[in-house]
Amino acid sequence: MNTVVLFVPQQEAWVVERMGRFHRILEPGLNFLIPLLDRIRYVQSLKEIVINVPEQSAVSLDNVTLQIDGVLYLRILNPFKSSYGVEDPEYAVTQLAQTTMRSELGKLTLDKVFRERESLNSNIVQSINQAADEWGIRCLRYEIKDIHVPPRVKESMQMQVEAERKKRATVLESEGTREAAINVAEGRKQAQILASEGQKAEQINKASGEAQAIMAKAEAKAKAISMLSDALTEQNGDAAASLSVAEQYVSAFSNLAKESNTILLPSSTGDISGMVTQAMTIYGALAKSSPKAPVAAEKSDDFGSQSSQ
């Protein structure tokens, strides 16, 4: 009512007509009007408006009938256009949202409707804003609340989901088995490599030890031969050699019965002096053939001749 002095609330726009023609829009706060001439024709709220879009049926690209509803959020930006551009702005936007939703759903298959919900909402908002611009209304967002599918389609979707889960489980199990087999084979391979490297190192160490032992024995034998040679060149060396041969002769005969049941003995087994003399004769012959030990050879010959006498 025109009471001359008017107080307009915040976030509201009052459209005033003077003598049936648009005059002005009252801003929030104190305003004055002329009685009888000015009339408040429309009151528009500038707040965000929430509209429930009723449930409706739509057919997807793969010919599945869906029951779908949503929520529409809009705001009036131009009170003049929303007052004079359309009779009922909220009803017009609701109908536009329903038709746009059916049109967008017809472009998608059932699987994409669930996967591309966000893009579907965005496309609906763009389509509504293109048409509602002449009405001074801005659609902020559109959200799909519920999507209902026929019972048979729902059962087939459930079976498809279960089959997909079983497939993923089988694939994961096979991949786990494969990984386990690969790990076991890799472990065996590494174990064999380490074992072969250990055997190689052991053989190298053993060969090195044997070589060192042979070298040590050879050096010891060489030193022993050298010492024996030096001892033979000294005074009474032949007597020492005769004593050593006699000891070895007695030791050899003492071990014969221990190694075998069959024993072959020479005819002069008890003649130890004869055996020693024979050994010294062989030694003297070898000493004569060696130029490096002439002294030892002469002593061997003398010792042999004396023994023969």
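Which residue takes a positive phi in the hairpin of S2 and S3? In this predicted model, the residue is methionine 19, with a phi near 55°, and the hairpin has 2 residues between its strands. A good way into the structure is to begin with this turn and the sheet around it, and then to move on to the second sheet and the helices that lie across it.

The overall figures set the scene. The secondary structure of the protein comes to 8 helices and 8 strands. The protein has 309 residues, and buried residues make up 25% of them. Among the contacts with a separation of 6 or more, 62% are accounted for by residues 24 or more positions apart.

The hairpin belongs to an open sheet of 3 strands, which has the order S3-S2-S5 and antiparallel pairing. Strand S3 (21-26) and strand S5 (38-45) stand at the edges, and each has a single partner strand, so one side of each is left without a neighbour in the sheet. Averaged over this sheet, neighbouring strands are turned by 30° against each other, direction ignored. Strand S2, which spans residues 12-18, pairs with S3 in the antiparallel sense over 5 bridges. The register of this pairing can be read from individual partners: arginine 18 stands opposite arginine 21 in S3, and glutamate 17 stands opposite phenylalanine 22 in S3.

Positive phi values also turn up in loops, and they are worth a friendly second look. Most residues other than glycine have a negative phi. Leucine 36, however, has a phi near 70°, a positive value in a residue other than glycine. Its place is in the loop between strand S4 (29-32) and S5. Is leucine 36 buried or exposed? With a relative accessible area of 89%, leucine 36 is exposed, because the cut-off for that class is over 50%. A comparable description applies to asparagine 63, which is not a glycine and has a positive phi of about 65°. Asparagine 63 lies in the loop between strand S6 (49-59) and strand S7 (65-76). With a relative accessible area of 67%, asparagine 63 is exposed as well.

The strands on either side of that second loop lead to another open sheet. This sheet has 3 strands in the order S6-S7-S8, with antiparallel pairing. Its edge strands are S6 and strand S8 (137-148), each of which pairs on one side only. Here neighbouring strands are turned by 25° against each other on average, direction ignored. S7 and S8 pair in the antiparallel sense over 10 bridges. One residue that helps to place this pairing is tyrosine 73, whose bridge partner in S8 is arginine 141.

Two helices lie across strands of this sheet. H2 lies across S6, S7 and S8, and runs at about 35° to S6. H4 lies across S7 and S8, running at about 140° to S8.

These helices also meet each other. Two packed helices are described by the angle between their axes and the distance between the axes. For helix H2 (residues 89-105) and helix H4 (residues 117-132), the axes come within 9 Å and cross at roughly 135°. H2 and H4 are therefore oblique to each other, since an angle over 145 degrees would be needed to count as roughly antiparallel. The crossing of H2 and H4 is right-handed. On the H2 side, the contact is made by Val93, Leu96, Ala97, Thr100, Met101, Glu104 and Leu105. H4 contributes Leu120, Asn123, Ile124, Ser127, Ile128, Ala131 and Ala132. Sorted by class, the contact of H2 with H4 has 10 nonpolar, 3 polar and 1 charged residues.

Among the contact residues of H2, glutamate 104 can be followed in some detail. Which residues does glutamate 104 touch, not counting residues up to four places away in sequence? Glutamate 104, which lies in helix H2, touches Leu120, Asn123, Ile124 and Ser127. These four appear among the residues that H4 brings to the contact. At 9% relative accessibility, glutamate 104 counts as buried, because the limit for that class is under 20%. Glutamate 104 is thus a buried residue in the contact between H2 and H4, whereas leucine 36 and asparagine 63 are exposed.

Note on methods
Residues numbered from 1 in each chain as written. Predicted model: local features only at pLDDT ≥ 70, side-chain atom pairs only at ≥ 80, totals over all residues. Heavy atoms only, no water. Axes fitted to C-alpha atoms, helices over the stretch in contact; angles between N-to-C directions. Parallel < 35°, antiparallel > 145°, perpendicular 65-115°, else oblique. Left-handed = near helix turned anticlockwise from the far one by under 90°. Contact = heavy atoms within 4.5 Å. Nonpolar A, V, L, I, M, F, W, Y, C, P; charged D, E, K, R; others polar. Pairing = 2+ DSSP bridges. Buried < 20%, exposed > 50% of the residue type's maximum accessible area, 1.4 Å probe, protein only.
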